[in-house]
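Please open the model in your viewer and keep the sequence panel beside it. The tour below says what to select at each stop and what is there.

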Amino acid sequence: APARATPEPKAPRDFVALHSVDPTILHEIRYVTPHNFVGERIDGYRQPLCILTRPAAEALRAAQRRLLPQGYSLKVYDCYRPQRAVDHFVRWAEDLDDQTMKAEFYPNVDKTRLFADGYIAEKSGHSRGSTVDLTLVKLPAHPTRPYRPGEPLTPCFAPRDERFPDNSVDMGTGYDCFDTLSHTLDPRITGEQRANRMQLKNTLEDLGFVNLAEEWWHYTFKPEAYPDTYFDFPVARSSLAGHRWTALPTDAPSAIGYSPARVR
Ligand SMILES: C[C@@H](N)C(=O)N[C@H](C)C(=O)O
Ligand SMILES: [Zn+2]
């Protein structure tokens, strides 16, 4: 008989796609594209989805409900991150010959320091499902253009008009800018840029999120549903197959391995 591929792990039942909880929150899932600090799609990212534990997703919906009347929307860059993606980051970091994306994402930090300086984690809160990287967009949101691999790179802390275009408000740096200027309360960030960071921070902290001091975009919803578990199911609709709110046919075959009850 032909060998069968090992089935992929599935998400527990209390993980959801953010768009099914709040369809108005904008998505720019960077690790499914080459526009990130590695320069290629990251292992385990199969679709541009934001998967989170339901309490974290519902807290983002509450934040969005406060922001929309003020003329702003949340935009997520990364949500649940499989362990295999983190392992990809670790392998990439060990290859010091590959500095393809340095000029945009870590111009002033030696590649050997990215983990030690707190910008990337070998065991990431993202893999526990209640952590999200996000920003604010002033509405109406302008369309963005894709990154073209090989295009000239600009430092992520350059003035907004010179950085890679992003329809978000000016946070003083781009997303995943590994630099002390990304520290949320860095004193060199003043005026409108600081106000934008504080608007995001105050809104999210009020709803139970905790910020990582090194990164203005990184927030964890507390208490975490899975404080000690590092999941490895792919970022894919199939990881949620059979969950409530997924758009699969109700007679889809049940998942092998973890098998949540299906909606009828
Ligand atoms: C890589 C960056 N987006 C991030 O999420 N950093 C923190 C430290 C993490 O990897 O958990
Ligand atoms: Zn993060």
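Select strands E6 and E7 to begin: they form a hairpin, with two residues between them. Keep in mind that this model is predicted. E6 covers residues 209-212 and E7 covers residues 215-221, and the two strands run antiparallel, joined by four bridges. Now pick Phe 209 alone. Which residue of E7 is the bridge partner of Phe 209? The partner is Phe 221.

Move on past the end of E7. Pro 223 sits in the segment after this strand. Select Lys 222 together with Pro 223, and look at the peptide bond from the one to the other: it is cis, with omega near -5 degrees. There is another cis bond to visit, from Leu 139 to Pro 140, where omega is near 0 degrees. Pro 140 belongs to the loop between E5 and helix H5, the helix of residues 191-206.

Stay in that loop between E5 and H5, and select Asp 176, which is also found there. Its phi is near 55 degrees, a positive value in a residue that is not glycine. Is Asp 176 buried or exposed? Asp 176 counts as buried because 24 other C-beta atoms lie within 10 Å, and the cut-off for buried is 20 or more.

Asp 176 leads to the next stop, as it is one of the residues around ligand 1. Show the ligand and add the others: Asp 78, Tyr 119, Ile 120, Ala 121, Ser 124, Gly 125, His 126, Asp 133, Glu 215 and His 218. Colour this shell by class, and three residues come out nonpolar, four polar and four charged.

Next, select Val 109, in the loop between helix H4 (102-105) and strand E5 (131-138). Val 109 counts as partly exposed because it has 17 C-beta neighbours inside 10 Å. Put a distance label between the C-alpha atoms of Val 109 and Asp 179: the label should read 6.6 Å, although the two residues are 70 apart along the chain. Asp 179 is also among the contacts of Val 109 beyond four places in sequence, along with Leu 114, Asp 117 and Phe 178.

Now for the largest nonpolar core, which has 55 residues. Select Leu 18, Ile 51, Leu 52, Leu 60, Leu 74 and Val 76, the members that touch the most other members. Two or more residues of this core come from each of strand E1 (15-17), strand E3 (51-53), helix H2 (54-67), strand E4 (72-78), helix H3 (83-94), E5, H5 and E7. Which element gives the most to this core? Helix H2 does, with six residues.

Take Leu 52 from this group and show what it touches. Leaving out residues up to four places away in sequence, its partners are Phe 15, Val 16, Leu 18, Ala 57, Cys 79, Tyr 80, Gly 129, Ser 130 and Val 132.

Finally, zoom out to the whole chain. There are five helices and seven strands, in the order β-α-β-β-α-β-α-α-β-α-β-β from the N terminus. Of the 264 residues, 37% count as buried. Among contacts with a separation of 6 or more, 72% are between residues 24 or more positions apart. The C-alpha atoms fill a box of roughly 60 × 50 × 35 Å along the principal axes. The radius of gyration is 19 Å, which agrees with the value near 18 Å for a compact globule of 264 residues.

Key: Residues numbered from 1 in each chain as written. Chains lettered and ligands numbered in written order. Predicted model: local features only at pLDDT ≥ 70, side-chain atom pairs only at ≥ 80, totals over all residues. Rg over C-alpha atoms; globule rule 2.2 N^0.38 Å. Buried ≥ 20, exposed ≤ 12 C-beta atoms within 10 Å, placed from the backbone. Contact = placed C-beta atoms within 7 Å. Pairing = 2+ DSSP bridges. Near = placed C-beta within 6 Å. Nonpolar A, V, L, I, M, F, W, Y, C, P; charged D, E, K, R; others polar. Core = buried A, V, L, I, M, F, W, Y, C linked by C-beta atoms within 7 Å.
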